[in-house]
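Visitor: I would like to learn how to read the way chains are arranged and meet. Could you take me through it step by step?

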Amino acid sequence: MTLGKVVGTVVATRKDEKLIGNRLMIVQEVDLDNELIRQYTVAVDSVGAGIGEIVLTAGGSSARYTEATKGKPVDAAIVAIVDTVEINGEIIYQK
Amino acid sequence: MTLGKVVGTVVATRKDEKLIGNRLMIVQEVDLDNELIRQYTVAVDSVGAGIGEIVLTAGGSSARYTEATKGKPVDAAIVAIVDTVEINGEIIYQK
Amino acid sequence: MTLGKVVGTVVATRKDEKLIGNRLMIVQEVDLDNELIRQYTVAVDSVGAGIGEIVLTAGGSSARYTEATKGKPVDAAIVAIVDTVEINGEIIYQK
Amino acid sequence: MTLGKVVGTVVATRKDEKLIGNRLMIVQEVDLDNELIRQYTVAVDSVGAGIGEIVLTAGGSSARYTEATKGKPVDAAIVAIVDTVEINGEIIYQK
Amino acid sequence: MTLGKVVGTVVATRKDEKLIGNRLMIVQEVDLDNELIRQYTVAVDSVGAGIGEIVLTAGGSSARYTEATKGKPVDAAIVAIVDTVEINGEIIYQK
């Protein structure tokens, strides 16, 4: 999974029927210093994440293994809201 | 999913039988400033997208989860036409 | 899918049994100016593509959804021979 | 699979139900000189790996083929704790 | 699939049970000039490849479609030992 920050949202009226009711969040990846990097993905939220939160995103076929995304044409899903990231014994992020 | 702009089309007479009837669109990715970047994909359109529109593309096995792509050798599908992209409280794209 | 040019072939006597009878083609990717870039893949041909042709390649699990590749350990398949690529109203490639 | 070093952990209270009980480890990739590189992933531990260990991580759908990750929205799993890495007849890492 | 050279091996005692009996080979990718590049993967050998050989590696879910890897948490498998690589009518590698 990747660590990222929820930085925005996408609204789309015309879309695959299975996506109706899903929230489409823009998640920008962070590196191991918790700095935003260039890469991002548009992920379906399955845990009630909000703007500004650090989240875990699952990609590929695994993104379809949440209740919100099962059987849908979705290749990224937010699967956790992060409380703490600890690296080399140091807490680099705390909610 | 990725955000991209539909910039072109691909025509192919000789192709896997399952692709007959599918529209093959060239989708160039955009970054979080809505600028076109180098990466692109050729995606099957499942929502009636047109040239110039900003769309959401699903990749990998998830691309086969639309009505247009089920069971086909397709690794990218346009799954939504984007109305609005909002980042950090600012609308960076509106259809 | 990606656009690429068939630039070569791979011959292998010792291989997974399921690959017997498949043609292994080297497909070098092209960018949106139809210029060759560094990336390439070795793909199973499912449409009778020849050296020099511009083709569409499907990757990942989708590569196993052609008649030639079903159930095989193959992560890239040529699924179409391209006739025309049109970008922003301009034909950048014609067979 | 990729070679990486377990450098940290992620704690998340609010997450997909299926992730309850899984340990989320930050695995930073190493190159063929056993040097840490920029890329990392957050992987579910399936073998009891600890901070500082060099591990093998499986990604994509294959990450769901361990006992710890079956049917879960998980795209990376630690599948082995590495004892030895030998390259060109030289041992570049030993536990 | 990718072309790569078998440059090493990984030994791991503590691993997912399903990996017992599999040989874990380090395969470093080569470019279209047959030069080693930075990217590598750790792949399960399914064809009896040895150090120094040029091989074809299948990645992702397709890596699980060999007899050696079926149902295992494996995202890369060596599926062929390459005899010849021919590019633009020139043989750039011969075993």
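**Chains, copies and one interface**

Guide: No contact (heavy atoms within 4.5 Å) joins chain A and chain C, and their closest C-alpha atoms lie 10 Å apart. This is a predicted model, in which local features need pLDDT of at least 70 and side-chain atom pairs count only at pLDDT 80 or more, while totals for chains, interfaces and linings use all residues. Residues are numbered from 1 along each chain as its sequence is written, chains are lettered from A in the order in which they are written, and side-chain values use heavy atoms, without hydrogens and water.

Visitor: By what turn can chain B be laid on chain A?

Guide: Two copies of a chain are related by a rotation about an axis and a shift along it. Here a turn of 72° with a shift of 0.0 Å along the axis lays chain B on chain A with an RMSD of 0.0 Å, after least-squares superposition on the C-alpha atoms of residues with pLDDT of at least 70 in both. The two copies are thus related as by a five-fold rotation axis.

Visitor: What area is buried between chain B and chain C?

Guide: The size of an interface is often given as the accessible area lost when the parts come together. Between chain B and chain C about 2300 Å² is buried (1.4 Å probe, summed over both), and carbon and sulfur atoms give 52% of that area. In this interface, 29 residues of chain B are in contact with 28 residues of chain C.

Visitor: How many salt bridges does the rule find across the interface of chain B and chain C?

Guide: With a salt bridge taken as a side-chain nitrogen of Lys or Arg within 4 Å of a carboxyl oxygen of Asp or Glu, the rule finds zero across the interface of chain B and chain C.

Notes: Buried area = accessible area lost by both parts, 1.4 Å probe.
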